[in-house]
Amino acid sequence: MPGRNLEAAIAATREVGDMAMARWRGEGKAVNVWHKSHDNPVSDVDLAVDARLKAVLGAMVPEAGWLSEETADNADRLARRAMWCVDPIDGTRDFIRGRPGWCVSVALVLDGTPEFGILYAPALDELWVAQRGQGAQLNGEPLSASQRTAFAGSRVPADALPKVDSDLVIVTKPNSIALRMALVADDRADLVATLRWGFEWDVAAAALIAAEAGATVTDAFGAPLIFNTPRAQAFGVIACAPGIHAAVVDRLHDRAVALTSSP
């Protein structure tokens with residue numbers, strides 16, 4: 001199944017990415033934006049990309065379930081071995097603000113594990129692709145993740161860092177969490193870590209890309225990520241150089257303790 005559909009899925013991802021690119025920065029018809037909840041914007045472009053991907057990918061693998069940020073979840077996916085895990089536009093804030101840090105994220109999950117993952121960031125002219133056991137590529141070139149072993153001085157995509165992380169180094173942060181994880185795969189960052197509940201569609205493709213490039217990818221506790229779960233969520237994500245993973249887990253633990261003990 002995966003090999004048969006990877007090239008077709010890449011073509012579909014490129015198609016919708018180019019469709020979104022035609023609307024970026026208000027080019028063509030103005031983008032309509034509203035909020036699904038507080039500080040959670042969505043646009044008509046997100047919905048158009050979602051609808052097109054669901055039609056094309058659904059026809060490609062009819063037996064696969066569907067999980068997307070912009071589609072109401074259906075528990076039917078839990079009974080299926082295969083599932084498409086999609087974020088039509090990851091980094092919507094950057095998209096609607098005319099910034100380039102957004103992408104289309106597509107993964108095919110089989111038995112709880114991504115079989116292939118695709119990120120297409122047309123504003124950056126970047127196509128990231130990975131297939132399980134076959135490595136990862138950026139624009140056709142093999143990726144090799146950060147191999148840093150010293151935690152202090154590690155590069156992290158961020159706008160700012162709390163005092164506890166003053167030993168880290170800030171690098172450019174795209175709004176898309178998937179693209180931040182991809183930076184680790186390309187050795188442009190040493191770690192990405194979150195300490196909150198996150199949805200599977202945010203990280204499925206990027207998790208495979210980072211892992212296939214040689215990074216360590218887990219939840220915030222250091223446990224493997226599992227996909228197509230009932231909640232479609234995991235607590236936090238870590239993508240980092242293997243040599244600093246234990247230190248990242250420890251740092252997140254210390255931060256969590258500090259947050260829960262503060263008045």
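# A tour of the predicted model, stop by stop

Begin by selecting Ser176, which is buried, with a relative accessible area of 0%. The model in your viewer is a predicted one, and every value on this tour was computed from it. Ser176 is found in the loop between β11 (169-171) and α4, and if you also show the side chain of Asp90, you will find that a polar contact of 2.5 Å joins the side chains of these two residues.

**Second stop: Arg251**

Move next to helix α6, where Arg251 is found. Is Arg251 buried or exposed? Its relative accessibility is 17%, and because the limit for a buried residue is under 20%, Arg251 counts as buried. Add Asp165 to the selection, and you can trace a polar contact of 2.7 Å between the side chain of Arg251 and that of Asp165.

**Third stop: the largest pocket**

Now turn to the largest pocket, in which about 920 Å³ of space lies. In general terms, empty space of this kind is found by rolling a probe the size of a water molecule over the atoms. The lining of the largest pocket is made up of 42 residues, and to find its centre you can select Lys173, Ile177, Arg180, Thr194 and Arg196, which lie nearest to that centre. Which element gives the most to this lining? Strand β12 does, with 9 residues. If you colour the elements that each supply at least two lining residues, your selection will include β2 (40-43), β4 (82-90), α3 (92-96) and β10 (155-157), and also the helices α4, α5 (200-212) and α6 (245-261).

**Fourth stop: the aromatic rings**

Stay with strand β12 and show its ring side chains, keeping in mind that the structure holds 6 aromatic pairs. One of them is formed by Trp197 and Phe235, an edge-to-face pair whose rings are 5.5 Å apart from centre to centre, with 70 degrees between the planes. This pair links distant parts of the chain, since Trp197 is in strand β12 and Phe235 in strand β14 (residues 233-240), 38 residues apart. Trp197 counts as partly exposed at 42% relative accessibility, and Phe235 is also partly exposed, with a relative accessible area of 23%.

Select Phe199 and Trp201 next, and you will see an aromatic pair that is stacked, with 4.4 Å from centre to centre and 10 degrees between the planes. Phe199 is partly exposed, at 33% relative accessibility, whereas Trp201 counts as buried, at 10%. A further selection to make is Trp24, Phe95 and Trp102, which ring pairs link into a cluster.

Before leaving the rings, return to Trp197 and add Arg231, whose charged end sits over the ring of Trp197, 4.2 Å from the centre of that ring. Another arrangement of this kind can be found by selecting Arg14 and Tyr120, where the charged end of Arg14 sits over the tyrosine ring, 5.3 Å from its centre.

**Fifth stop: helix α2**

Select residues 44-60, which form helix α2, and place a distance marker between its end C-alpha atoms. The 17 residues of this helix should span 24 Å at 1.5 Å a residue, and the end C-alpha atoms are 24 Å apart, so the two values agree. At the start of α2, show Ser43 as well, where a side-chain oxygen reaches to within 3.2 Å of the backbone nitrogen of Val45. Which residues of α2 are buried? They are Asp44, Val45, Asp46, Val49, Asp50, Leu53, Leu57 and Met60. As you look along the helix, it may help to recall that an α-helix has 3.6 residues a turn, so residues three or four places apart point the same way.

**Last stop: two aspartates in loops**

Finish with two loop residues whose backbone angles deserve a look, remembering that most residues other than glycine have a negative phi. Asp111, although it is not a glycine, has a positive phi of about 55 degrees, and it lies in the loop between β5 (103-110) and β6 (113-121). At 48% relative accessibility, Asp111 counts as partly exposed, and its side chain makes a polar contact of 2.6 Å with the side chain of Arg81.

The other residue to select is Asp187, which likewise is not a glycine and has a positive phi of about 60 degrees. You will find Asp187 in the loop between α4 (177-185) and β12 (191-199), where it is partly exposed, with a relative accessible area of 36%.

Key
Residues numbered from 1 in each chain as written. Predicted model: local features only at pLDDT ≥ 70, side-chain atom pairs only at ≥ 80, totals over all residues. Heavy atoms only, no water. Helix = DSSP H or I, 4+ residues; strand = E, 2+ residues; numbered from the N terminus. Buried < 20%, exposed > 50% of the residue type's maximum accessible area, 1.4 Å probe, protein only. Expected span 1.5 Å × (residues − 1). Polar contact = N/O pair within 3.5 Å; in protein donor to acceptor, adjacent residues only side chain to side chain. Phe/Tyr/Trp six-rings, centres within 6.5 Å; stacked < 30°, edge-to-face > 60°. Lys NZ or Arg CZ within 6 Å of the ring centre and 35° of its normal. 1 Å grid on protein atoms, 1.4 Å probe; cavity = no way out; pocket = protein on both sides within 12 Å on 5 of 7 lines; lining within 4 Å. Points joined across faces, edges and corners; volume = space filled by probe spheres on them.
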